[in-house]
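Grab a coffee and work through these short exercises with the structure open beside you. Try each task before you read its solution.

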Amino acid sequence: MWEEKNNTLYKKFEFKNFSEAFAFMARVALEAEKMDHHPLWTNVYNKVEIWLSTHDAGDMVTDKDHKLAAKIDQLIS
C-alpha cells in the first residue's frame, strides 16, 4: 500500500533478487516515460523504494502521482 508522507507517495518493494528488482524498474521506467512523470527511487540488491510527487505542482502529491502508483501496482500483480 502506498503511504503519503512528506508530500510524496512512498512504497517499498522487495523481490527475490537483483535481476527481478531491476526488471521491475525497467517496466516502471517505460510507464513513467509514457506519462512523462518520473519517480525518485533507489535500488539496493532486491529492494526498490519509490517516492512520487509532481514537480510542476510544487512537489506535491497530485492525481498524476496516484495514476502512476496504480500503474506501478499493476506491474507486480
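**Exercise 1.** Keep in mind that this is a predicted model. Find what Ser53 touches, leaving out residues up to four places away in sequence, and decide whether Ser53 is buried or exposed.

*Solution.* Start with the contacts: Ser53 touches Asn7, Thr8, His37, Asp59, Met60 and Asp65. Next, place Ser53 on the chain: this residue sits in the loop between S4 and H2. Now check the area. The cut-off for buried is under 20% relative accessible area, and Ser53 comes in at 12%, so Ser53 counts as buried.

**Exercise 2.** Work out whether the length of H2 agrees with its residue count, then find where its buried residues point.

*Solution.* H2 has 14 residues, and at 1.5 Å a residue they should span 20 Å. The end C-alpha atoms are 21 Å apart, which agrees. Then pick out the buried residues of H2: Asp65, Leu68, Ala69 and Ile72. They cover an arc of only 105° around the axis, so they lie on the same side of H2. The general rule is handy here: an α-helix has 3.6 residues a turn, so residues three or four places apart point the same way. As for what covers the buried residues of H2, the list includes S2, H1 and S4.

**Exercise 3.** Trace Ile72 into the largest nonpolar core.

*Solution.* That core has 17 residues, and Ile72 is one of those with the most contacts inside it. The elements giving two or more residues to this core are S2, H1, S4 and H2, with the largest share, 6 residues, coming from H1. Finally, list the partners: beyond four places in sequence, Ile72 touches Trp2, Phe13, Phe24, Val28, Ile50 and Leu52.

Note on methods: Residues numbered from 1 in each chain as written. Predicted model: local features only at pLDDT ≥ 70, side-chain atom pairs only at ≥ 80, totals over all residues. Heavy atoms only, no water. Core = buried A, V, L, I, M, F, W, Y, C linked by side-chain atoms within 4.5 Å. Buried < 20%, exposed > 50% of the residue type's maximum accessible area, 1.4 Å probe, protein only. Helix = DSSP H or I, 4+ residues; strand = E, 2+ residues; numbered from the N terminus. Contact = heavy atoms within 4.5 Å. Expected span 1.5 Å × (residues − 1). Arc of directions from axis to C-beta.
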